[in-house]
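Visitor: I would like to learn how to read the features of a model like this one. Where do we begin?

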Amino acid sequence: MSLTETPGILPCQGIEALIAAGAVTTDTPWDADQVQPASLDLRLGAQAWRVRASFLPGARRVEDRIADVAMHSIDLTPGVVLEKGCVYIAKLQERLSLPQGLIARANPKSSTGRVDVFVRLLTDRGDAFDDVAEGYDGPLYLEIAPQTFSILVRPGTRLNQLRLKAGEPPKLETRSVGVDLAGADGEIVGFRGRRHAGVVDLDRIDGHDPRDFWEPLYARKGELLLDPGEFYILASNEAVEIPVLQAAEMTPIDPSVGEFRVHYAGFFDPGFGTDEAAGKGSKGVLEVRTHDTPFLLEHGQTVARLVYEPLTEKPSRLYGQGGSHYQRQGLKLSKHFRVWA
């Protein structure tokens with residue numbers, strides 16, 4: 001197939017053209033909503049392994065490397081609980097045969113990051129997580145490490161998404177993202193995950209009482225003390241807007257600015273927060289985990305950067321058109337939880 005000469009991220013119609021050409025294939029029929037405005041949701045297959053350590057395959061195939069670290073294999077078909085504090089590798093249903101001139105990069109889906117599940121894409125002979133090299137032809141695997149909650153998954157569960165890039169898209173702009181801790185007295189400004197909560201079924205939408213899993217955090221002098229090892233959901237101070245001809249990735253700040261990690265799920269589709277997609281005023285939700293020391297976070301403090309890149313062409317549909325759980329969001333838990341009331 002011919003590729004565009006314009007460097008950029010492929011929009012949905014470009015992804016669909018790759019599927020039609022056989023560059024992206026799947027073990028089972030495609031879901032109707034699997035192709036997003038500028039990304040492709042990936043789905044778990046039936047096979048997984050509990051492993052004793054994370055790894056990069058290097059010069060080897062992923063399954064050859066798994067043989068060195070696997071504790072036992074798992075059939076996901078009946079639905080399986082993946083325990084927090086454990087590491088798993090799952091084979092995905094999708095497979096790539098990338099043409100020359102095209103690379104890919106994966107990110108956790110927003111709903112995955114909001115329940116503190118750390119996921120990274122693996123490819124045969126890959127030397128980096130989440131990046132797929134030009135011309136790669138082979139299967140895809142996902143490392144899954146639940147941190148705060150144990151999760152229930154099954155074949156078809158979507159934990160990450162893939163972007164496909166032609167050439168080397170330029171970085172159009174980088175914007176600082178601050179945290180919103182202002183609020184009036186008694187107003188909820190964030191949530192902290194409960195350590196001994198139950199299991200989150202990742203295919204059950206609006207099916208969990210948030211009080212069983214989250215502790216609300218209230219405004220207090222525009223500050224929040226982050227405790228080591230705890231997981232927080234906060235909101236950006238600024239509204240986030242992704243123009244229709246661009247996409248953006250939320251990237252961590254330099255560690256010298258703060259000893260914490262922000263935003264596991266780093267990808268924003270075109271149209272998020274825009275008037276054109278009826279999303280004006282949408283905030284970015286921040287998934288925050290501090291490292292080894294307590295850290296005092298202040299209202300408005302920069303916690304991440306938004307890096308904008310161009311699309312190769314305008315997508316035929318925008319984020320939120322046809323329904324979305326997160327367009328027009330403020331402070332919001334993942335779609336698995338009912339509205340806090």
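**Reading strands, burial and a pocket**

Guide: Start with an open sheet of four strands, in the order β14-β25-β20-β22, with antiparallel pairing. This is a predicted model.

Visitor: Which strands stand at the edges, each with a single partner strand?

Guide: β14 (173-178) and β22 do. Each has one partner, so one side of each is left without a neighbour in the sheet.

Visitor: What holds strands of a sheet together in general?

Guide: Strands pair through backbone hydrogen bonds, and the pairing is either parallel or antiparallel. Take β20 (residues 246-252) and β25 (residues 302-310) here: seven bridges join them, and they run antiparallel. To fix the register, find Q246, which stands opposite P310 in β25.

Visitor: Which sheet has mixed pairing?

Guide: The open sheet of three strands, ordered β6-β12-β16. β6 (80-82) and β16 (200-201) are its edges, each with a single partner strand, so one side of each lacks a neighbour in the sheet. Strand β12 (residues 151-153) runs parallel to β16, joined by two bridges. L152 stands opposite D201 in β16.

Visitor: How do the side chains of a regular strand lie relative to the two faces of the sheet?

Guide: In a regular strand they alternate between the two faces. Look at strand β24 (residues 295-298): F295 and L297 form a covered face, while L296 and E298 form an uncovered one. β24 pairs with strand β18 (residues 223-226) in the antiparallel sense, over four bridges. L225 stands opposite L296 in β24.

Visitor: How many of the nine residues of β13 are buried?

Guide: Nine of the nine, so β13 is largely enclosed by the rest of the structure. Now look at its pairings. Strand β8 (residues 102-108) is joined to β13 by seven bridges and runs antiparallel to it. R105 in that pairing stands opposite R163 in β13. Strand β4 (residues 39-51) also pairs with β13 in the antiparallel sense, over four bridges. Strand β1 (residues 8-9) does so over two bridges, and G8 stands opposite A166 in β13.

Visitor: Let us go down to one residue. Where does Q161 lie?

Guide: In strand β13 (residues 158-166). D41 stands opposite Q161.

Visitor: Is Q161 buried or exposed?

Guide: Check the relative accessible area against the cut-off. Buried means under 20%. Q161 has 7%, so it is buried.

Visitor: What does Q161 contact, leaving aside its neighbours within four places in sequence?

Guide: Its contacts include S39, L40, D41 and L42, then R105, A106, N107, P108 and K109, and also F267. With S39 there is a side-chain polar contact of 3.4 Å.

Visitor: Where is A278 found?

Guide: In the loop between β22 (267-268) and β23 (283-290). Its relative accessible area is 48%, so A278 is partly exposed. Not counting residues up to four places away in sequence, A278 touches Q327 and R328. Sequence and space can also be set side by side: A278 and L318 are 40 residues apart in sequence and 10.0 Å apart in space, C-alpha to C-alpha.

Visitor: Now a helix. Which residues are buried in helix α2 (residues 62-69)?

Guide: V62, I66 and V69 are buried there. They cover an arc of only 65° around the axis, which puts them on the same side of α2.

Visitor: What covers the buried residues of α2?

Guide: The cover includes β4, along with β5 (70-75), β7 (87-97), β9 (117-123) and β11 (137-146).

Visitor: Last, the pockets. What volume has the largest pocket?

Guide: About 860 Å³. It is lined by 41 residues, and those closest to its centre are Q36, D41, K109, Y319 and K335.

Visitor: Which elements give two or more residues to the lining of the largest pocket?

Guide: They are β3 (35-36), α3 (110-113), β13, β22 and β23. Link this back to Q161: D41, a residue close to the pocket centre, stands opposite Q161 in β13. K109, also listed among those closest to the centre, is in contact with Q161.

Conventions. Residues numbered from 1 in each chain as written. Predicted model: local features only at pLDDT ≥ 70, side-chain atom pairs only at ≥ 80, totals over all residues. Heavy atoms only, no water. Buried < 20%, exposed > 50% of the residue type's maximum accessible area, 1.4 Å probe, protein only. Polar contact = N/O pair within 3.5 Å; in protein donor to acceptor, adjacent residues only side chain to side chain. Contact = heavy atoms within 4.5 Å. Pairing = 2+ DSSP bridges. Arc of directions from axis to C-beta. 1 Å grid on protein atoms, 1.4 Å probe; cavity = no way out; pocket = protein on both sides within 12 Å on 5 of 7 lines; lining within 4 Å. Points joined across faces, edges and corners; volume = space filled by probe spheres on them.
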